[in-house]
Amino acid sequence: MVRLEARTSTPAWFNLALPLLAIGATLILCSGLIALAGAGVAEAYGVMFSASLGDSYAITETLVRATPMIFTGLAVAVAFRAKFWNIGAEGQLLAGAVASCAVGAIPMPGLLAMFLMALAGAAAGAAVALVPATLRVKFKVDDVVSSLLLNSVIFYALMALIEGPWKDSFSGYPISPPIEDSANFPVLLEGTRLHLGVVAALIAAPLIWFLIARTTLGFRIRVTGENPEAARYGGIHVERVLISTALLSGALAGLAGVGEVGGVHFQVMSDISPGYGYSGIVVAMLARLNPLGVVPAAIFLAAVMTGAEAMSRATGVPAFLSDVIQGTALLAMLVALLFTAYRLRRVGAAR
Amino acid sequence: MSAPLIEMRGISKSFGAVKANEAVDLSVAPGEILGLLGENGAGKTTLMNVLFGAYAPDAGEILIQGQPVRINSSADALAAGIGMVHQHFHLAPRLSVLENLLIGIPGKSGRIDRAGGLARLAEIGREHGLTLDPGLPVSALSVGEQQRLEIVKALFRGARLLILDEPTAVLAPTEVDGLFAALRSMAAQGLGIIFISHKLNEVRALTHRCVVLRHGRVAGRVDTPASTTSSEMARLMCGHEIVPPARGPSTPGAAVLTLQGVSTSHHSGMALRDVSLAVRAGEILGIAGVSGNGQRALAEVISGVLAPDTGRMTIAGKAVTRFSPREVQALGLGRIPEDRMTTGLVTNLPLADSMVLPRIGTEAFSRKGLLKPDAIRAFAEEQIKAYDIRCPGPMTRAGALSGGNLQKALLARELAFDPKVLIVSQPTRGLDIGAARFIHEKFLDMRAKGCGIIVIGEDLEELLMLCDRIAVMYEGRLAGTLDSADATVARLGLLMTGAGQAGEAA
């Protein structure tokens with residue numbers, strides 16, 4: 001018989017081992033589904049791997065797809081550190097996309113346009129995140145519920161925009177007018193889609209790490225998240241920290257939308273985000289809320305998404321498997337986190 | 001004495017390299033009250049957790065009435081007739097006394113047997129003097145009543161052995177007498193009781209036999225606690241003599257903390273009503289009283305967390321205007337809270353973080369919003385050394401430290417910046433003699449250096465030893481102030497019950 005027993009300390013190597021364990025468990029669990037769908041497990045995973053990380057082009061595609069998830073992953077990681085339960089990265093991303101698209105459509109010099117797009121997108125995301133944070137601070141409204149429900153509000157506002165005033169008058173499709181060509185983010189490698197936003201995301205991760213680990217704001221975020229009472233008695237203005245965290249988190253999620261508009265789609269449509277905001281939660285959890293861990297976690301999920309499409313074409317396994325893998329990875333990680341507080345102990349049948 | 005009710009043989013339990021228990025033997029006979037003594041970290045709680053099924057022992061066996069048993073969960077323990085009253089109660093605050101009692105008790109054909117529960121509750125109440133109003137929600141009970149409910153719960157589930165982990169730490173002196181009477185009555189009916197405590201006078205008064213643990217092993221057994229001196233037992237616990245510190249004559253200076261006509265409202269506990277007091281430099285003022293008489297509100301006002309409705313407060317001669325923790329800290333207030341884990345420290349973060357928390361924004365630990373990690377670490381390391389805080393290092397999770405070490409860490413953090421006033425609540429609750437002695441010495445050192453100290457506590461012996469003057473709180477007011485030369489446990493006890501108002505404002 002095996003039972004759980006409280007741990008007194010958690011070894012440091014767990015930070016790396018747990019996500020790997022969770023990913024391993026996920027792939028094993030999902031191999032059952034692949035087999036059920038009538039394909040070879042090794043072949044399916046093989047196709048997934050080669051299509052996402054097998055050659056340099058595939059790698060750039062995976063990085064492009066990882067970029068919004070790095071931003072939303074950082075957004076969620078920052079928020080969760082303060083125990084501000086921001087489930088609204090999806091809506092904040094959409095708001096960022098709309099705002100940057102509106103700015104990008106105004107003719108102006110390219111660099112200025114890109115800068116203002118980022119600023120507008122971040123501000124829009126922050127403004128959206130401010131709503132659940134304010135409701136929580138002022139009225140003790142549950143932030144999980146309010147931030148989650150706000151996603152639908154933002155989504156339908158976006159739909160109203162592209163079905164109404166922004167509707168393409170030429171084709172009649174519900175898509176926004178494109179941004180100016182000069183506002184398109186420069187491509188870094190000829191023949192790929194590797195755009196400026198990818199680099200921005202890779203720089204953002206260590207910056208956010210520095211903010212959390214090495215600044216007084218980061219210290220206050222950590223302490224507020226772990227023990228708001230001790231924070232308050234220690235002279236920290238807890239409400240102010242929560243608001244600051246929400247603004248930062250929303251701005252990061254908004255930047256995810258900016259990258260998609262400026263670097264990938266150059267306009268806004270209803271499916272601009274296939275749930276990158278929600279994937280950000282998975283990314284942040286896999287990363288154990290460590291901003292540096294967000295990058296590999298986002299790349300893993302991006303590889304699964306990119307690979308799943310190729311796998312679907314090659315083996316006939318539905319591409320929905322990518323969603324299943326994401327969901328399973330989150331559950332596996334939550335189970336794995338149990339082992340930071342508990343360990344398994346074998347209890348002999350007879351002693 | 002008759003065959004043991006329960007016997008633990010050769011119990012060993014390690015956590016990593018730490019041997020929490022090593023080859024511990026222990027037995028309790030029916031009708032026996034066994035004292036389990038030891039300093040913090042001696043392995044008492046681990047041993048009891050093994051007995052109660054929370055930990056599996058690495059070696060050793062447990063016998064109940066001579067039969068070896070395996071206890072893998074608290075459910076197993078309950079089924080085996082072992083009940084435990086933890087230091088932190090496990091009650092559902094919104095449910096009534098009766099409902100808490102019936103949690104987990106299978107009723108008849110899926111229905112809760114309220115009538116049966118009521119009858120049994122009344123019966124237990126009659127037998128041992130453990131009366132409780134079955135309809136009251138737990139949130140309306142005092143701490144002592146909640147503890148009584150925990151004991152009744154254990155008896156209700158048919159416990160024949162009752163483990164009490166530091167039960168008196170949360171009780172007022174009068175409540176302790178009631179608890180002891182109930183425990184004696186239970187023992188007289190053949191129950192076995194394991195009583196864990198640091199308070200040697202209580203152990204001597206109550207128990208029939210004692211087992212003393214030190215570093216996880218049995219350091220000694222005392223067969224006649226009543227005729228064994230406290231210092232002998234203390235020596236078994238610590239391995240050396242413990243001499244209480246002597247408080248020299250005081251030479252108080254100017255007032256460093258004053259409250260004038262302070263009243264509060266809307267407090268979850270008892271509000272303050274027109275409280276005036278002054279603490280002078282180089283003086284220790286005690287605030288005695290049964291908990292729930294406004295001590296918490298007083299501590300919150302002084303800590304700058306609760307702004308009074310009326311009245312004034314000054315620290316070091318300067319008026320407190322905004323009542324924020326930052327303001328009172330800046331004026332020179334240090335604070336050792338009653339609940340280390342909730343308002344003092346951040347258990348999930350490194351110890352170093354907790355140690356710099358109140359002063360993270362100062363030049364010592366940050367500059368222009370950037371932390372100085374080296375300075376933070378160095379400060380923590382320095383204090384760990386200076387206060388002999390037992391931990392692997394400053395980056396250890398604070399929650400992994402024992403209560404005594406956490407208290408030292410809090411003390412170190414506050415004293416490092418030479419506070420002019422120190423407010424302290426229940427400074428040695430749950431601490432062993434050695435750690436308590438250390439804390440007391442530090443307070444007396446600070447007093448000699450001219451710090452004004454205000455100690456809120458329920459342990460009258462401790463207050464009498466430490467304080468120059470003692471004020472008693474009753475129903476949100478100061479019922480009277482005594483010079484400790486004139487104060488006795490009896491006089492203070494009288495004031496604590498609201499009888500015999502004496503003296504003026506402190």
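**A walk through chains A and B**

Strand β1 (residues 6-15) of chain B runs antiparallel to strand β4 (residues 59-64) of chain B, and 5 bridges hold the pairing. Within this pair, R9(B) stands opposite E61(B) of β4(B). Strands of a sheet pair through backbone hydrogen bonds, either parallel or antiparallel. Before going on, please keep in mind that this is a predicted model.

Now let the view widen from that pair to its sheet. The sheet is open and has 4 strands in the order β2-β1-β4-β5 (chain B), with antiparallel pairing. At its edges are β2 (18-28) and β5 (67-69) of chain B, each of which pairs on one side only. From one strand to the next, the twist averages 30°.

Chain B has another open sheet to explore. Here 6 strands follow the order β6-β7-β8-β3-β9-β10 (chain B), and the pairing is mixed. The edge strands are β6 (82-85) and β10 (217-222) of chain B, each pairing on one side only. Neighbouring strands of this sheet are turned by 20° against each other on average, direction ignored. At the β10(B) edge, strand β9 (residues 209-214) of chain B runs antiparallel to β10(B), and the two are joined by 5 bridges. To find this pairing on screen, look for C210(B), whose bridge partner in β10(B) is V222(B).

Helices lie across this sheet. Helix α5 (residues 143-156) of chain B crosses β6 and β7 (161-165) of chain B, at about 170° to β6(B). Helix α6 (residues 173-188) of chain B lies across β3 (33-38), β7 and β8 (192-196) of chain B, and runs at about 150° to β8(B). Strand β7 of chain B therefore has both α5(B) and α6(B) lying across it.

Step back once more to see how chain B is laid out. It is divided into domain 1 (6-238), domain 2 (244-332 + 419-506) and domain 3 (348-414). The C-alpha centres of domain 1 and domain 3 of chain B are 35 Å apart.

Chain A has a secondary structure of 13 helices and 2 strands. Its radius of gyration is 21 Å, close to the 20 Å that the globule rule gives for 351 residues, so chain A is as compact as a globular protein of that length. Along its principal axes, the C-alpha trace of chain A spans about 80 × 60 × 35 Å. Buried residues account for 51% of the 351 residues in chain A. Among contacts in chain A between residues at least 6 apart in sequence, 78% join residues at least 24 apart.

Where do the two chains meet? In all, 21 residues of chain A are in contact with 29 residues of chain B. On the chain A side, the elements giving two or more residues are β1 (2-6), α8 (216-226) and α9 (228-233) of chain A. The largest share, 6 residues, comes from α8(A). By class, this side of chain A has 6 nonpolar, 7 polar and 8 charged residues.

Helix α8(A) makes a good last stop. Of its 11 residues, 9 are buried, so α8(A) is largely enclosed by the rest of the structure. Among the buried residues are F219(A), I221(A) and V223(A), along with the charged R220(A), R222(A) and E226(A). Their cover comes from both chains: it includes α3 (56-81), α7 (196-214), α9 and α10 (238-265) of chain A, together with α12 (351-356) and β18 (370-371) of chain B.

Note on methods: Residues are numbered from 1 along each chain as its sequence is written. Chains are lettered from A and ligands numbered from 1 in the order in which they are written. This is a predicted model: local features need pLDDT of at least 70, side-chain atom pairs count only at pLDDT 80 or more; totals for chains, interfaces and linings use all residues. Domain bounds come from an automatic or database domain assignment. Two residues are in contact if their C-beta atoms, placed from the backbone, lie within 7 Å. The radius of gyration is taken over C-alpha atoms; the globule rule is 2.2 Å times the number of residues to the power 0.38. A residue is buried if 20 or more other C-beta atoms lie within 10 Å of its own, exposed if 12 or fewer, and partly exposed in between; C-beta atoms are placed from the backbone. Two strands pair if DSSP finds at least two bridges between them. Axes are lines fitted to C-alpha atoms, for helices over the stretch in contact, and angles run from 0 to 180 degrees between N-to-C directions.
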